[in-house]
Amino acid sequence: MTTEISHINVQYTKTIGRGEQFGPGFTYPIYVARGKEGIMYVLCRGTEFRPEGVRVVVCTTDEEYISVFARGIDYQGPHAHNMDDGSLVWPTSIALDSQENLYISDEWLNRISMFSKDGDFLGKWEERTGSGDGELDRPSGMAFDADDNLYIVDSGNHRVQKFNKDGKYLAQFGTYGSGDSQFDMPWGITIDEAGAIYIADWRNDRIQKFSPDGTFLMKFGSSGSEEGEFNRPTGVAVDQDGVIYVSDWLNNRLQIFDETGKFIDVKTGEAGLSKWGKDKLDANPEMYGERDRAQGLEREKDFWGPTGVTVDDEGNIFVPESARNRIQVYKTQSPTFAGPRL
């Protein structure tokens with residue numbers, strides 16, 4: 001028996017970020033990981049022609065800048081294409097273990113790099129390209145379970161693999177296809193408080209749910225733009241009440257579902273000017289005039305290609321938008337329950 005949610009109050013609270021290659025700002029942020037005491041780790045994908053933008057930005061939920069670490073590869077000079085320790089090319093996700101060490105997946109290098117919460121490089125899993133047990137082809141989303149085992153979405157191999165935190169292969173589930181327990185280039189992942197695993201099945205335009213051992217439990221969603229339909233879902237998150245949040249990438253929205261996969265609500269974006277953004281405008285007053293003259297500025301509030309979704313224990317919902325170099329933050333209140341459902 002489950003409890004049906006009839007309504008949930010999700011309100012926009014703030015926007016974090018601005019476009020910057022260095023310092024307080026983001027360059028194509030693709031994922032947000034939440035640490036302790038208000039800390040955020042924002043994974044910036046950057047671009048090939050500006051590799052310095054590939055990095056992790058550490059800041060608080062109040063938009064206080066702390067530091068950056070990791071780096072893109074060097075495309076010029078004597079160390080061109082140096083892919084040494086601590087370097088990233090196409091980073092895709094961050095997962096935090098129980099000690100708040102960061103594991104970062106890289107779909108170009110097919111490897112996992114590890115950093116301390118202070119940004120010190122701790123090690124890496126050596127490149128393991130392939131389709132065999134423990135091998136990877138474009139790893140994307142990652143999540144730790146309560147036992148510090150790491151589940152990795154092995155996107156190019158259309159499966160999910162399970163490892164211990166040292167990289168030892170433990171198990172896998174999923175094959176290519178569109179049936180139950182099958183995937184077509186899956187991307188996002190989350191694990192709820194009961195240990196159930198949710199996968200954003202990207203090209204199948206749906207969410208699948210599995211038990212900790214990989215047994216199929218349910219699915220919801222189909223291709224389209226109506227309520228409850230998806231167009232390339234990138235991320236999935238579950239809060240403490242079992243409410244499911246899905247970043248619907250090409251539909252430019254965040255969709256909200258109850259624990260059975262029933263549609264509840266949709267958010268299309270309400271972004272305002274961030275603290276960092278205002279600081280930059282204040283330092284360059286002529287930019288205020290440029291904004292006043294800009295056509296279609298009202299569209300600035302809308303989501304544009306949300307690349308993921310993260311929910312923390314306080315009910316904050318973080319939705320990164322690579323194209324707009326920012327994160328929209330919402331907050332959920334306690335849901336309204338309609339009563340038990342058999």
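**View 1. How the whole chain packs together.** This is a predicted model, and its overall size fits a simple rule: a compact globule of 342 residues would have a radius of gyration near 20 Å, and the protein chain has 20 Å, so the two agree. Along its principal axes, the C-alpha trace spans about 60 × 50 × 35 Å. If you go hunting for secondary structure, you'll find two helices and 30 strands in the chain.

**View 2. Inside and outside.** Of the 342 residues, 55% count as buried. What does the chain show to the outside? It exposes about 14900 Å², and carbon and sulfur atoms supply 47% of that area. Now look at who touches whom: take the contacts between residues at least 6 apart in sequence, and 49% of them join residues at least 24 apart.

**View 3. The largest pocket.** Here's a space to peer into, with a volume of about 1200 Å³. Which residues sit closest to its centre? Out of 41 lining residues, those are Arg34, Phe144, Ile191, Val311 and Asp313.

**View 4. The strands around the pocket.** Several elements each give two or more residues to the lining of the largest pocket: β3 (29–34), β9 (91–96), β13 (139–144), β19 (189–191), β23 (233–238) and β27 (310–311). The largest share comes from β3, which chips in four residues.

**View 5. What the pocket lining is made of.** Sort the lining residues of the largest pocket by type and you get 20 nonpolar, seven polar and 14 charged.

Terms used: Residues numbered from 1 in each chain as written. Predicted model: local features only at pLDDT ≥ 70, side-chain atom pairs only at ≥ 80, totals over all residues. Heavy atoms only, no water. 1 Å grid on protein atoms, 1.4 Å probe; cavity = no way out; pocket = protein on both sides within 12 Å on 5 of 7 lines; lining within 4 Å. Points joined across faces, edges and corners; volume = space filled by probe spheres on them. Nonpolar A, V, L, I, M, F, W, Y, C, P; charged D, E, K, R; others polar. Rg over C-alpha atoms; globule rule 2.2 N^0.38 Å. Buried < 20%, exposed > 50% of the residue type's maximum accessible area, 1.4 Å probe, protein only. Contact = heavy atoms within 4.5 Å. Areas by Shrake-Rupley, 256 points an atom, 1.4 Å probe, with all protein chains shown as cover.
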